[in-house]
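Let's take a friendly tour of some charged pairs, a surface patch and a pair of helices. Keep the picture at hand as you read.

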Amino acid sequence: MNWKRLEVLLPLVGVVVLLAVWSVVTSLRIVDPVLLPSPAATFKALWTGMFHGKLGVDFIKTVERTIYSTIIAAIVAIPFGILLGSSERLYRSVEFLIDFFRSTPASAMFPLFLVLFGVGDRTKIFVAAFGAALVILFNVAYGVMNARKTRILAAKVMGASRLRVLWDVMLLESMPATFVGLRNGVSLALVIVVVAEMFIGSVDGLGQRVFEAQQMFEMPDMYAAIFAAGALGYGLNLLFLTIERRFVHWSGK
Amino acid sequence: MELSANARAAATRTAPHVTIRGLSKRFADATIYDNFDFDIPRGKLMSVFGPNGCGKSTLINMIAGLFPADKGEILFDGQPLNKIKFGYVFQNYREAVFPWLSAFDNIAYPLKVMGVPKKERNLKVEKIVASLNVKIDLNLYPYQMSGGQQQLVSIMRALVVDPEILFLDEPFSALDYEMTLFMREQLQRVFVETHTTTVLVSHDLEEAVYLSDRILLLSRHPARPVEFVHYDAPRPRTDKTMTEAEFISTKAHCLEIFQREVRKG
Ligand SMILES: Nc1ncnc2c1ncn2[C@@H]1O[C@H](COP(=O)(O)OP(=O)(O)OP(=O)(O)O)[C@@H](O)[C@H]1O
Ligand SMILES: [Mg+2]
């Protein structure tokens with residue numbers, strides 16, 4: 001037996017155990033089958049929902065909203081983060097505001113944004129962008145501020161202007177932190193979008209799907225939608241990690 | 001006419017390269033320099049040696065314009081700092097090279113800052129690499145290289161602009177012994193070839209004497225020049241140089257002064 005070869009399968013162990021326990025629980029009827037459908041029923045609902053039903057459409061909708069809000073957040077937050085990070089005084093003067101709003105649950109902003117933007121897509125996207133932007137802003141600013149002093153001095157002694165130091169050194173120095181911000185930002189945006197879809201008069205999206213399935217007691221559909229949301233969150237995180245590994249190859253080295 | 005031109009040339013050859021007058025610098029808790037005067041000779045390799053924290057790095061940072069002095073003036077050829085090309089090698093190469101650039105682009109970076117066109121940049125980098133006889137893959141990124149190779153990259157980056165003055169702040173102290181010996185020879189070779197005014201901060205007295213024409217011994221802060229030791233053994237110096245009487249007595253003399261200064265504190 002070649003055990004080393006089998007080690008690549010280790011991450012699957014947890015999944016297999018979960019599925020096994022789940023199957024046993026449902027087949028022995030330890031939990032009411034109405035509350036917890038079997039894995040087979042759940043995955044069948046996931047499959048048909050994604051490829052032949054409304055779940056696929058909802059999935060795409062949620063992806064769109066999350067991506068839009070993350071893009072808006074990045075476009076606003078990255079330049080501001082660099083600006084704030086490049087001047088310690090400037091950052092200190094707005095630090096409290098950033099920390100305060102970063103600590104404010106974005107969901108508490110829904111009513112305000114509803115008044116401002118109505119019940120359409122814009123409210124969901126803007127609230128999510130608001131939450132994500134603060135996370136990204138904070139990380140970018142810290143990345144720029146913590147740029148290695150020696151590297152800045154090295155560029156300076158070569159005759160680099162302030163602008164060049166900012167562009168060539170601080171910006172690149174902040175990239176690893178920027179990506180941490182983007183990954184956290186996209187996760188937060190997804191959370192906010194899904195919650196918004198549940199409660200603000202939505203007709204589509206994964207949040208609305210979960211909520212509706214629960215209201216109609218279609219448990220396999222509800223679990224399917226939850227899994228779809230989980231897969232989406234995991235996938236987005238993986239996507240940003242892959243981009244990071246490619247473009248910020250020096251990160252953590 | 002002819003004669004006076006020659007005389008003028010001779011005068012500039014022997015005039016100090018850098019003149020420091022009345023330099024003062026305080027940090028929050030200590031006066032590092034108080035009315036410090038010193039001349040850095042032209043075309044010599046000079047070492048700065050002194051107790052820990054006496055202000056060696058502060059001195060070369062102020063000369064290189066990395067931060068301002070509180071008072072006093074620093075003149076280059078009698079002129080205030082304007083567009084002098086410095087080379088600067090930091091002790092902590094890991095934090096001084098740019099990890100997002102390949103070794104080649106790291107070396108070419110100061111040329112890019114100066115606005116040298118790409119073709120010419122490449123030629124210059126290739127020239128410096130060849131002259132130092134470096135055999136490393138320059139497409140690698142710094143984090144893929146050993147410490148010695150990274151420091152070699154940062155030395156080439158300092159030399160590629162043909163600096164008027166080269167500063168090295170304990171450049172070899174983070175390297176292993178074998179690499180240190182190799183790098184000393186490289187530095188000596190560069191110096192023999194170019195005779196660039198060089199200021200080396202070293203915490204290794206043997207290294208300082210071995211490499212230098214002049215050794216500046218500093219006191220504890222507020223730092224004053226205690227002695228400016230001359231050591232004129234011919235180059236290239238070798239292991240044999242270190243066994244000669246003059247080397248041994250110069251080193252012993254420096255050590256004696258250093259210990260006297262340390263005991264004072
Ligand atoms: N930015 C700073 N703020 C406050 N104090 C400083 C600063 N930089 C240096 N110092 C202090 O000034 C003194 C001289 O520092 P410097 O780095 O020039 O010493 P050094 O001779 O290079 O020491 P070492 O042998 O440790 O390299 C030290 O006591 C140091 O603590
Ligand atoms: Mg020092």
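This is a predicted model. A good place to start is Asp99(A), which counts as partly exposed because its relative accessibility is 27%, between the 20% limit for buried and the 50% limit for exposed. Its side chain meets that of Arg102(A) in a salt bridge. Arg102(A), at 36% relative accessibility, is partly exposed too. The two residues sit three apart in helix 5 of chain A, so about one helical turn separates them.

Here are three salt bridges, with the N to O distance for each.

| Pair | Distance |
|---|---|
| Arg102(A) and Asp99(A) | 3.5 Å |
| Asp204(A) and Arg65(A) | 2.7 Å |
| Asp232(B) and Arg214(B) | 3.4 Å |

Asp204(A) and Arg65(A) form a salt bridge that links distant parts of the chain, 139 residues apart. Asp204(A) is buried at 15% relative accessible area, and Arg65(A) is buried at 3%. Both belong to a salt-bridge network that also includes Lys61(A) and Glu197(A).

In chain B, Asp232(B) pairs with Arg214(B). Asp232(B) is exposed, with 51% relative accessible area, whereas Arg214(B) is buried, with 11%.

Back to helix 5 of chain A: how does this helix lie against helix 7 of chain A? Their axes come within 11 Å and cross at roughly 150 degrees, so the two helices are roughly antiparallel. The crossing is left-handed.

Finally, look at the surface. A nonpolar patch there, with about 930 Å² of accessible area together, includes Trp3(A), Leu6(A) and Phe227(A). Helix 2 of chain A gives the largest share, four residues.

Conventions: Residues numbered from 1 in each chain as written. Chains lettered and ligands numbered in written order. Predicted model: local features only at pLDDT ≥ 70, side-chain atom pairs only at ≥ 80, totals over all residues. Heavy atoms only, no water. Patch = residues over 30% accessible without salt bridge, like charges linked within 9 Å, V, L, I, M, F, W, Y side chains within 5 Å. Areas by Shrake-Rupley, 256 points an atom, 1.4 Å probe, with all protein chains shown as cover. Salt bridge = Lys/Arg side-chain N within 4 Å of Asp/Glu carboxyl O. Axes fitted to C-alpha atoms, helices over the stretch in contact; angles between N-to-C directions. Parallel < 35°, antiparallel > 145°, perpendicular 65-115°, else oblique. Left-handed = near helix turned anticlockwise from the far one by under 90°. Buried < 20%, exposed > 50% of the residue type's maximum accessible area, 1.4 Å probe, protein only.
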